[in-house]
Amino acid sequence: MLDYAGMRYIYTSEMSDFWKRMGNRPGKRDVAFYFENEISDAGYSRISDLIDAITNLQESYRTAWLAEYTPYRLRAALGKWDAESEYWWKLQRRFQILLETFRDGDTLPPLESFGSTGTQ
């Protein structure tokens, strides 16, 4: 779990740095490079690594819970793991939509607009 927490912090910082490198009006080629190779590709990227990590940790958490407690409230606790993986999956999808619709000359939206309350 500590590895995941560290990975989450490091990866989000790196994604923020990639965003800054692209600038306000990056070319489609730069956006494609960073999104496909670094940020949000479904096969290998920072976000796909975070999704893999959190979903793999969920089963370990479940096993540890059952070793110490009764199943009572286990599903509620596991729901938090589901919410974390869902957050990353939705963010990945939103980034993929941006990549698919982005054209040369477009302004890159602020990264903050993709937060939990963003509408992008």
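Biologist: Is Leu99 buried or exposed?
Modeller: This is a predicted model, where local features need pLDDT (the predictor's confidence in each residue, from 0 to 100) of at least 70, side-chain atom pairs count only at pLDDT 80 or more, and totals for chains, interfaces and linings use all residues. Residues are numbered from 1 along each chain as its sequence is written, and side-chain values use heavy atoms, with hydrogens and water left out. Buried means under 20% relative accessible area, exposed over 50%, and partly exposed in between, with a 1.4 Å probe and protein chains only. Leu99 has 11% relative accessibility, so the word for Leu99 is buried.

Biologist: Which residues does Leu99 touch, not counting residues up to four places away in sequence?
Modeller: Leu99 is found in helix 4. A contact means heavy atoms within 4.5 Å. By that rule, and leaving out residues up to four places away in sequence, Leu99 touches Lys28, Val31, Ala32, Phe35 and Glu36.

Biologist: How many helices does the protein chain have?
Modeller: Helices (H or I, at least four residues) and strands (E, at least two) are DSSP runs, numbered from the N terminus. Read along the sequence, the pattern of the protein chain is α-α-α-α. Strands number zero, and helices number four.

Biologist: Which element has the lowest mean pLDDT?
Modeller: The protein chain averages a pLDDT of 93, and 96% of the residues score at least 70. Among the elements, the highest mean, 96, belongs to helix 1 (residues 2-22), and the lowest, 94, belongs to helix 3.

Biologist: What covers the buried residues of helix 2?
Modeller: The residues to be covered are Val31, Ala32, Tyr34, Phe35, Glu38 and Ile39. An α-helix has 3.6 residues a turn, so residues three or four places apart point the same way. The cover over the buried residues of helix 2 includes helix 1, helix 3 and helix 4.

Biologist: Which element gives the largest share of the largest nonpolar core?
Modeller: A nonpolar core is a set of buried Ala, Val, Leu, Ile, Met, Phe, Trp, Tyr and Cys residues joined through side-chain atoms within 4.5 Å. The largest one holds 30 residues, of which Trp19, Met22, Phe35, Ile39, Ile47, Trp88 and Phe95 touch the most other members. Two or more residues come from each of helix 1, helix 2 (28-39), helix 3 and helix 4. The largest share, nine residues, comes from helix 4.

Biologist: How far apart in sequence are the parts that the pair of Trp19 and Phe95 ties together?
Modeller: Rings of Phe, Tyr and Trp (its six-membered ring) pair if their centres lie within 6.5 Å; planes under 30 degrees apart count as stacked, over 60 as edge-to-face and the rest as tilted. The structure holds eleven aromatic pairs, and the one between Trp19 and Phe95 is tilted, at 5.4 Å centre to centre and 40° between the planes. Trp19 lies in helix 1 and Phe95 in helix 4 (residues 74-101), so the pair ties together parts whose separation in sequence is 76 residues.

Biologist: Is Tyr69, which pairs with Trp65, buried or exposed?
Modeller: The ring centres of Trp65 and Tyr69 are 5.1 Å apart and the planes are at 55°, so this pair is tilted. Trp65 has a relative accessible area of 17%, so Trp65 is buried. Tyr69 has a relative accessible area of 53%, and therefore Tyr69 is exposed.

Biologist: Which residue lies over the face of Tyr11?
Modeller: A charge sits over a ring if NZ of Lys or CZ of Arg is within 6 Å of the ring centre and within 35 degrees of the ring normal. Over Tyr11, at 5.5 Å from the ring centre, lies Arg46.

Biologist: Which residues does Gln58 touch, not counting residues up to four places away in sequence?
Modeller: Gln58 lies in helix 3 (residues 46-68). The relative accessible area of Gln58 is 17%, so Gln58 is buried. Apart from residues up to four places away in sequence, Gln58 touches Arg75, Leu78, Trp81 and Asp82.

Biologist: What is the phi of Arg73?
Modeller: Arg73 is in the loop between helix 3 and helix 4, and Arg73 is exposed, with a relative accessible area of 56%. Most residues other than glycine have a negative phi. Arg73 is not a glycine, yet its phi is positive, at about 70°.
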